[in-house]
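Trainee: Hi, could we go through this one together? I'd like to start with what the words mean.

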Amino acid sequence: MNARTILSQPSESSLKNGQLDVAAFVSSRKYEIQQLSASMRKSKAIQKQQTFQVVPRFLRRRAASHHVRFLPPRFRERAQQEYKDSGVQMTPKKRQRITRLHLRRDTALKLRYFARQRKTYHYNRKRSTYSVGVNELATKVVMERKFKGRQKDKTWLPTHLWHAKRAHMVKKWGYVIPSHPNEKCFRPTHRASQNGSGIVFDTSYYATMILQGNHDGVLNIVNVISKGKACGKTYLLGDRAFEGPIYNVYKEPADDDSIQNAIGEAVIYFEPTTELHDDLATQKSRALIRVHPATFDDTWKMLLSLVKMTREQELHPDPGIEVQDCRFAIGSIDIFGPKSLKVIGHNLRLNLEKDATVHEAWSTATAAGDPKLIPLGAVFPLKFFDPRTISTPSRDRKLSSWEPHDVSKQALIYRSLNEITRHLGSRTPSPLFTIEGRSIRVEHAKIAHGRLQQRRAASSKAVDATSGSQILLKKESLIFIDDVSIPAIMIRRASGGISLLVPWQWVAIFFKKLVIPAYTMYGGLQQYHQILSERMLPYFPDDYPGTSAGLIEEKETMTLHEKVWKSRPKSKKIIYDTLDLRNGEKKGEVGNPFGCDWQYLLHSDPKGVYDPSKQLAKQQNDVAIPDSSAAGSSTDNVTEESSKTPLSAADEPWMITNLSRILSERNKLRKELNLSTALFTVQIIMIGRGVPSPSARVYAIPVKDRSRWMQLKRNRKIVPESSEYPMCPKSGFLIGFITTGGFNLKEGKGSGIASLSWAKVEQNGGFNYRYCIIRDVGERIGRLALYKPL
């Protein structure tokens, strides 16, 4: 009988004179209910999942082979039993035919093996390479000698070979960087960063520089490039790391108070000192500066010029000030997730060196697990043992009565860590600032494996006399005299994650120890961008159109989108010239349809008319944005003469990094700054339906139409197809563009990051009214949204 067949019987016996007898009805249906339950049990047994169907996605083989030997060990016994029950014969592994050539090869391999056994292994020179440049660029590091030819015009990250087998790689900023894993990971990325153990990134492509010299010289340079923001007492003592914008002092306008020349975001951390006093001016000081690779060239040239000028003007030439290029000497690993600190504490063994302060801070932080409980900018100067000599994760110390949602307990932990880390850096300076501390070579894998076996043998002898269970020995009994101590600096970032700075040659070893299958996952540039967008934070350089790096990134994106658009057949693409927005204007997309047209936004008149012949078409220093006359645009063509003329510095867009100050002092700063080309960053939160996409247009709501748009907030039944739905505003109300947009899994609706024009917002209603309209490129329907300045 078919398992899906359900037996039944007629129910006339439950009806008497046309009336339903409840007791008789239930009794008559009893047989059918029993048969339904039996059918469900049989169907469930027949549809039982096979072993190959329950293997997690991240453990599945690419070939999807159904051979037992390709399964993880814990599934093999069950799979073999299923094979026996089904009667299917497993094909044995084919054995190669033994020939004389195979015998010769085996003999040669055995001879090589015995020859290697007689050698004394010291260090793996391939992983011990690092490079430092003093007042000059560092020599590029070749990660693997046999792949030297592939690294002529680009640099591999320390984890390149590991990532190349598992992720899609892209060439950006002179590096080969993982873009995204080969498997689907949009929702897993959200889970890992919000609720899971964490997601790990190799961010060694970030450029690190160290300013070194007398304290006054280093302080003056940092003061100039940060406009004094990174020179507070907390930063100078090394208690906290500064994270914020740095400025190009050689870019017009060169006024000391100007904020028009931001380069990008940077992390600045001073070498810890005990206290500030007058004699400190002549003492040696160091400052670590970490910037995005897109801004390294501008930052390096500016620092070299400032160092040269400081050397000529300094009264105390000894020690002389210098700048070190440590791009290939210091790498970094970023970790996001509520349990990221526990991941580090469980898988990396800390060398405490009898420092009670570090031990207290580290134990409290790793027990809490969530980086949000650590004060912003807090720094942990640490020393780790070789991760390869640690086999099993150490036991974590759990806080008493700790609950993840206990607000009072969270506040207590935060205050405790804030007090502990306030003077932690000044007590324990990190050797990572010195060349000697960064030059710790990587031991050969055989030596590390030998120490691992010694630790296992020592720990197996420690047995609890009362319970008989194995316990961990004290740290003194498992530390060997020749153990390697690797310096590291852990910084709590403003993005909510953790940055772990380690020597370049040790990045791959630390990374492989932190990425554990079924526990933590890895990510690339797309996942990093996704995490920041879910937390409503800007991503550099995509969300910084007021910087040179942001303009270059936007130009590359526009070129790529236009190339893809042209490659499609006419029936498979949107013809932007024929787009009718039905708002009384002529047909055509507003501005360049392939990206954010800042030229059009900043230089169009109040009616939205843009005449490119009256404006300069290209940015200065070969930084250009395609104008509104690109394919598919409805604006007039740019003349050949105007397209060859570069933009002046006054016409370049620039970012407002402190909106509250500009709003409070707008009348005073209006004479000093060119606010007509100023941009500021905002968060976009959709109201109702709709998901913004990158390059979407942001409109201000006309005063006469505000009541109609507010109806959408109160009445969700009004759909775009109805006559009550308002039309999109005209091009004169355009105030900005979406730079990052999509569906936010954390908020459960569409959100994004946008850059708005100061002049356009002031012209169309001011800064008090925060509602706006979002319209995607190629569409005529606008969606109601709310923007919040960052």
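Mentor: Happy to. Let's begin with one term: a residue is called buried when its relative accessible area is under 20%, exposed when it is over 50%, and partly exposed in between. Please keep in mind that this is a predicted model.

Trainee: Okay, let me try that on Glu 32. Is Glu 32 buried or exposed?

Mentor: Glu 32 has a relative accessible area of 17%, so it counts as buried.

Trainee: And which residue does Glu 32 meet in a salt bridge?

Mentor: That would be Arg 29, with 2.8 Å from N to O. The two sit three residues apart in helix H1, which means about one helical turn separates them. Arg 29 is partly exposed, because its relative accessible area is 23%.

Trainee: Why can side chains of opposite charge pair at all?

Mentor: They can do so when their charged atoms come close.

Trainee: How many salt bridges are there in the whole structure?

Mentor: The search finds twelve. Among them is one between Glu 553 and Lys 172, whose closest N and O atoms are 3.2 Å apart. That pair ties together distant parts of the chain, with Glu 553 in helix H18 and Lys 172 in strand E5, 381 residues apart.

Trainee: Are Glu 553 and Lys 172 buried or exposed?

Mentor: Both Glu 553 and Lys 172 are buried.

Trainee: Got another one for me? What does Arg 493 form a salt bridge with?

Mentor: Arg 493 pairs with Glu 243, and the closest N and O atoms are 3.0 Å apart. This pair also links distant parts of the chain: Arg 493 is in the loop between strands E15 and E16, Glu 243 is in strand E9, and their positions lie 250 residues apart. Arg 493 is buried, at 17% relative accessible area, whereas Glu 243 is partly exposed at 31%.

Trainee: Which residues are linked in a network of salt bridges?

Mentor: Asp 153, Lys 154 and Lys 171 are linked that way.

Trainee: Changing topic: what makes up the nonpolar surface patch?

Mentor: Leu 20, Val 22, Phe 25 and Val 26 form it, and it covers about 370 Å². Helix H1, residues 22-46, gives the largest share, three residues. Val 26 is one of the residues found in helix H1.

Trainee: Now the backbone. Where is the peptide bond that is cis?

Mentor: It runs from Phe 540 to Pro 541, with omega near 5°. Pro 541 lies in the loop that joins helix H17 (525-534) and helix H18 (548-567).

Trainee: And what about phi for Asn 135?

Mentor: Asn 135 has a positive phi of about 60°, although it is not a glycine. You'll find Asn 135 in the loop between strand E3 and strand E4. Its relative accessible area is 27%, so Asn 135 is partly exposed.

Trainee: What is phi for Trp 173?

Mentor: Trp 173 has a positive phi too, about 55°, and is not a glycine. Trp 173 is in the loop between strand E5 (167-172) and strand E6 (175-181). At 23% relative accessibility, Trp 173 counts as partly exposed.

Trainee: Last one: at what angle do helix H7 and helix H9 pack?

Mentor: The angle is about 140°, and their axes are 11 Å apart. H7 is therefore oblique to H9. The crossing of H7 and H9 is right-handed.

Conventions
Residues are numbered from 1 along each chain as its sequence is written. This is a predicted model: local features need pLDDT of at least 70, side-chain atom pairs count only at pLDDT 80 or more; totals for chains, interfaces and linings use all residues. Side-chain values use heavy atoms; hydrogens and water are left out. Patches are made of residues with over 30% relative accessible area and no salt bridge: like charges are joined within 9 Å, nonpolar side chains (Val, Leu, Ile, Met, Phe, Trp, Tyr) within 5 Å. Accessible areas come from the Shrake-Rupley method with a 1.4 Å probe; for residues, only the protein chains shown count as cover. A salt bridge is a side-chain nitrogen of Lys or Arg within 4 Å of a carboxyl oxygen of Asp or Glu. Helices (H or I, at least four residues) and strands (E, at least two) are DSSP runs, numbered from the N terminus. Buried means under 20% relative accessible area, exposed over 50%, partly exposed in between (1.4 Å probe, protein chains only). Axes are lines fitted to C-alpha atoms, for helices over the stretch in contact, and angles run from 0 to 180 degrees between N-to-C directions. Angles under 35 degrees count as roughly parallel, over 145 as roughly antiparallel, 65 to 115 as roughly perpendicular and the rest as oblique. A crossing is left-handed if the near helix is turned anticlockwise from the far one by less than a right angle, and right-handed if clockwise.
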